[in-house]
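Got the model open in your viewer? Let's walk through it one selection at a time, with a note on what to look for at each stop.

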Amino acid sequence: MTVHSKLQPYIDAWTHSIEAISELVTPLSEGEWNRATECPGWSVRDVVSHVIGFECEALGDPRPIHSLPRDLYHVTDEFSRYCEVQVDVRRCHTAPEMTSELEYTIIRRSRQLRNETRAPETTVRGLMGREVTLELQLRMRAFDVWVHEQDLRRALDRPGNPDSPGALVTRDFLLPQLPKVVAKEAGAPAGSAVVFDVHGPVEFMRTVRVDAEGHGTIDGSVSLGPAVTLAMDWETFVRLACGRVRGEAVADLVKTEGDQELAAAILGKMAVTP
C-alpha cells in the first residue's frame with residue numbers, strides 16, 4: 001500500500017512549508033531568533049518551538065512535563081496553555097539546538113508520512129487528546145505550518161511562498177468558516193449577502209448569504225446588491241482570519257462598500273483560529 005491520494009496533497013503542502021521554515025531559520029543569528037512575531041507573546045524561536053512540538057505530538061512523542069510561569073499574559077485559556085508548554089520548555093534553547101531539533105523532527109516526520117498506509121478516515125489522536133481523522137490531522141498540520149511560515153517571514157522581513165501548496169490548503173480551510181463569522185458572530189441580518197473580494201497571489205470572490213433563519217452559506221456566485229463588500233489582498237485576509245491583526249489595524253488595506261457598521265462588525269470577528 002502507498003499513501004492515499006486524498007492525503008498526498010496535504011503531505012506535499014506540509015513538506016514544502018516546513019522545509020521552507022528550516023531554510024529560513026538555519027542561517028539566523030541568535031538575536032534574530034528573539035524577534036517578535038504577530039503571534040501574541042511569541043518570538044521567532046517560540047513559533048519554531050510550536051511547530052516542532054506539534055510535529056512531535058503527531059509522531060506520538062510524550063508531551064513534556066513542564067510547569068508554566070504564571071506571568072504569561074498571552075496564556076488566557078486551556079488551549080493556549082496547552083500550546084505554551086511545547087514553547088516555554090524550549091525558551092532556553094540556543095540557535096544551534098533549535099535548528100538541530102527542527103531538522104531531526106522533519107526527518108522523523110517525513111519518514112513517517114512517506115510510509116503512511118492508513119486510510120484517510122482512520123482515527124488518530126489530535127490536539128488536547130481529541131480524536132480526529134488522519135485526513136483532518138494532516139490538513140491541519142499543512143494549514144498550521146504554512147501560516148507559521150508566513151508569521152516567520154513577516155517577522156524577519158523575508159516574504160515568500162504566498163501561493164504555495166500550503167496557501168491553497170489555508171484558503172480551503174478558512175473559506176468554509178466565513179458563514180459563521182458573518183451570520184453568527186457579526187449578526188448580519190436575514191436575507192443579506194456579504195461579498196469577500198480577495199486579490200493577490202491567491203485570489204477569489206465568495207458570497208456569504210444569510211437565509212431567513214439566520215444561517216449562513218457560502219458560494220462563488222456574484223451577488224447583486226450585497227449588504228457589504230470587503231475587498232483586500234490575500235495577506236491581509238490571512239492575517240485577519242488567523243487573528244494576527246485586528247480590523248482597525250489594517251483599515252487602510254481593506255476597501256469596504258455598503259453597510260459600514262456591519263463591515264466593521266465582520267472585520268472585528270474575522271479571526272477563526274484560536
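Start by selecting S223. Is this residue buried or exposed? It is buried: its relative accessible area is 11%, and the cut-off for buried is under 20%. Bear in mind as you look that this is a predicted model. S223 sits in the loop between β5 (216-219) and β6 (228-233). Now show what surrounds S223: beyond its neighbours within four places in sequence, S223 is in contact with A193, V195, T207 and R209. Draw a distance from S223 to T207 and you should get 6.6 Å, C-alpha to C-alpha, for two residues that are 16 apart in sequence.

Next, zoom out to the whole protein. Colour by secondary structure and you can count nine helices and seven strands. The radius of gyration is 20 Å, close to the 19 Å that the globule rule gives for 274 residues, so the protein is as compact as a globular protein of that length. Rotate it and the C-alpha trace spans about 55 × 45 × 35 Å along the principal axes. Of the 274 residues, 48% count as buried. Looking at contacts with a separation of 6 or more, 66% of them join residues 24 or more positions apart.

Now for the inside. In soluble globular proteins, nonpolar side chains tend to be buried together. Here, the largest nonpolar core has 75 residues, and you can pick out F196, L230, W234, F237, I266 and M270 as the members that touch the most others. Helix α5 (residues 134-156) brings the largest share of this core, ten residues. Stay on M270 for a moment and show its side chain. Which residues does M270 touch, once those up to four places away in sequence are set aside? They are V181, F196, F237, L240 and A241.

Switch on a surface and look for the largest pocket, which holds about 1,100 Å³ of space. Select F79, C83, D144, T273 and P274 to find its middle: among the 37 lining residues, these lie nearest the centre. Colour the lining by class and you'll see 19 nonpolar, ten polar and eight charged residues. As for where the lining comes from, α2 (44-59), α3 (78-88) and α5 each supply at least two residues. Helix α5 turns up again here, giving the most to the lining with eight residues.

Three more stops, each a single residue. Go to E103 in helix α4 (residues 95-114). E103 has 48% relative accessibility, so it counts as partly exposed, since exposed needs over 50%. Add E23 to the selection: its C-alpha is 9.9 Å from that of E103, although the two are 80 residues apart along the chain.

Then jump to M128, in the loop between β1 (123-125) and β2 (131-133). Check its backbone angles: M128 has a positive phi of about 60°, although it is not a glycine. With a relative accessible area of 28%, M128 is partly exposed.

Finish at D157, in the loop between α5 and α6 (165-174). D157 also shows a positive phi, about 55°, without being a glycine. Is D157 buried or exposed? It is exposed, with a relative accessible area of 64%.

Definitions and conventions
Residues numbered from 1 in each chain as written. Predicted model: local features only at pLDDT ≥ 70, side-chain atom pairs only at ≥ 80, totals over all residues. Heavy atoms only, no water. Core = buried A, V, L, I, M, F, W, Y, C linked by side-chain atoms within 4.5 Å. Buried < 20%, exposed > 50% of the residue type's maximum accessible area, 1.4 Å probe, protein only. Helix = DSSP H or I, 4+ residues; strand = E, 2+ residues; numbered from the N terminus. Contact = heavy atoms within 4.5 Å. 1 Å grid on protein atoms, 1.4 Å probe; cavity = no way out; pocket = protein on both sides within 12 Å on 5 of 7 lines; lining within 4 Å. Points joined across faces, edges and corners; volume = space filled by probe spheres on them. Nonpolar A, V, L, I, M, F, W, Y, C, P; charged D, E, K, R; others polar. Rg over C-alpha atoms; globule rule 2.2 N^0.38 Å.
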